[in-house]
Amino acid sequence: MGDVLKYRIPKQKIVAKSGIFKKTDNIFKENGFFVCDFIQNNKYIFETIESLKSDFHYSKQQPSSIEKEEYLKQAADIIEVLKKKQLQKIVYSRIKKINIVCSPINLFNQMCEDYPSSFVYLISSEFFGTWLGASPEILIERKTNSNKYLTVALAGTKFSAESVWGSKEIKEQLLVREFLEKSLLENGAKNLTISETYDAQAGNLFHLKNELEFDLKIDNLNNLIETIHPTPAVSGLPQKEAVNYILQNEKHKRELYTGIIGIKGEIALNTYVNLRCCQIIDNAAFLYLGGGFTSESDSEKEWEETEQKSMIILNSIEKCKIR
């Protein structure tokens with residue numbers, strides 16, 4: 001039996017393929033669909049085999065989830081670390097378990113309908129189980145057969161268009177933008193232009209966003225990806241120290257959450273950070289939810305941010321129940 005692959009690039013048609021995922025040491029080595037985990041230890045590309053019938057694979061072990069009381073204790077510890085200036089920013093995540101009655105395919109279709117501007121996918125393999133998501137965050141994009149690329153600085157979260165951005169969110173997004181600008185220039189990017197900061201809506205949430213356009217030689221692409229990912233939007237700053245803190249303190253493994261996912265073609269390249277995603281096991285969806293902490297963070301507000309982010313998938317699950 002083969003693996004499951006269905007995806008929808010923003011505002012394009014759904015693509016479904018038959019075949020299998022296989023391990024690789026370079027996700028850009030071949031054209032096609034690819035995915036890797038948070039720290040790029042496990043990388044997979046999809047090999048199309050038309051004769052194989054697709055089937056779902058589910059992990060045998062459920063990931064760890066935590067309740068609000070424990071989260072708030074961990075959040076207080078993080079804020080204390082940041083106030084002592086040991087780190088500038090830490091992106092901390094938790095898992096929320098939700099029982100579901102709809103099939104993964106129906107949920108995928110619903111999310112495609114609900115989030116036309118996001119990269120929506122459904123994948124399943126013996127390597128990593130079954131995952132589904134709707135990511136709003138471009139990592140690297142190329143639309144034409146040229147050396148022109150695009151990335152985005154996307155960070156900070158608010159829950160309505162009318163509310164005012166606080167200093168914490170503005171600082172959080174600025175750290176991401178400055179990191180990307182520095183990393184691009186160090187990896188040979190030329191003709192770099194940065195858009196004005198603007199509000200970007202993703203489902204029920206709003207984020208601060210800049211678009212960074214640049215020229216880059218194709219030979220430098222893999223080094224650039226390895227430098228900027230995991231970006232401060234999903235790890236923190238300084239990057240290596242923040243990643244180490246996450247690996248040592250989060251109660252779960254992130255697996256594919258905040259990893260890289262996308263498609264490489266002869267001309268186009270669509271690479272996303274794997275956000276707003278869940279793993280499906282035994283009729284339950286395990287939602288991976290993160291938030292960016294700075295020294296100005298408030299534990300209750302950070303909890304509320306993860307709750308709001310969970311609504312991206314929960315809204316689609318509720319609609320599936322009605323159908």
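**View 1. The exposed side of helix 1 in this predicted model.** Here we're looking at E69, K73 and K83, which are exposed. They sit across helix 1 from its buried residues.

**View 2. The buried side of helix 1.** Turn to the residues tucked away from solvent and you'll find Y71, Q74, A75, I78, I79, V81 and L82. These buried residues take up an arc of only 155 degrees around the axis, so they fall on the same side of helix 1. That's a familiar pattern: with 3.6 residues to a turn of an α-helix, residues three or four places apart point the same way.

**View 3. Helix 1 end to end, and what follows it.** Helix 1 runs over residues 68-83, 16 residues in total. At 1.5 Å a residue it should span 22 Å, and its end C-alpha atoms are indeed 22 Å apart, so expectation and model agree. Just past the helix comes K85, with a positive phi of about 65 degrees.

**View 4. T157 in strand 9.** Strand 9 covers residues 148-158, and T157 is one of them. T157 counts as buried because its relative accessibility is 8%, below the 20% cut-off. Its C-alpha is 9.4 Å from that of Q173, a residue 16 places away along the chain.

**View 5. The company T157 keeps.** Setting aside neighbours within four places in sequence, T157 is in contact with W165, E169, L205, F206, H207, E305 and K309. Two of these partners deserve a second look. The side chain of H207 makes a polar contact of 3.3 Å with that of T157, and the E305 side chain also joins the T157 side chain through a polar contact of 3.3 Å.

Definitions and conventions. Residues numbered from 1 in each chain as written. Predicted model: local features only at pLDDT ≥ 70, side-chain atom pairs only at ≥ 80, totals over all residues. Heavy atoms only, no water. Helix = DSSP H or I, 4+ residues; strand = E, 2+ residues; numbered from the N terminus. Buried < 20%, exposed > 50% of the residue type's maximum accessible area, 1.4 Å probe, protein only. Contact = heavy atoms within 4.5 Å. Polar contact = N/O pair within 3.5 Å; in protein donor to acceptor, adjacent residues only side chain to side chain. Expected span 1.5 Å × (residues − 1). Arc of directions from axis to C-beta.
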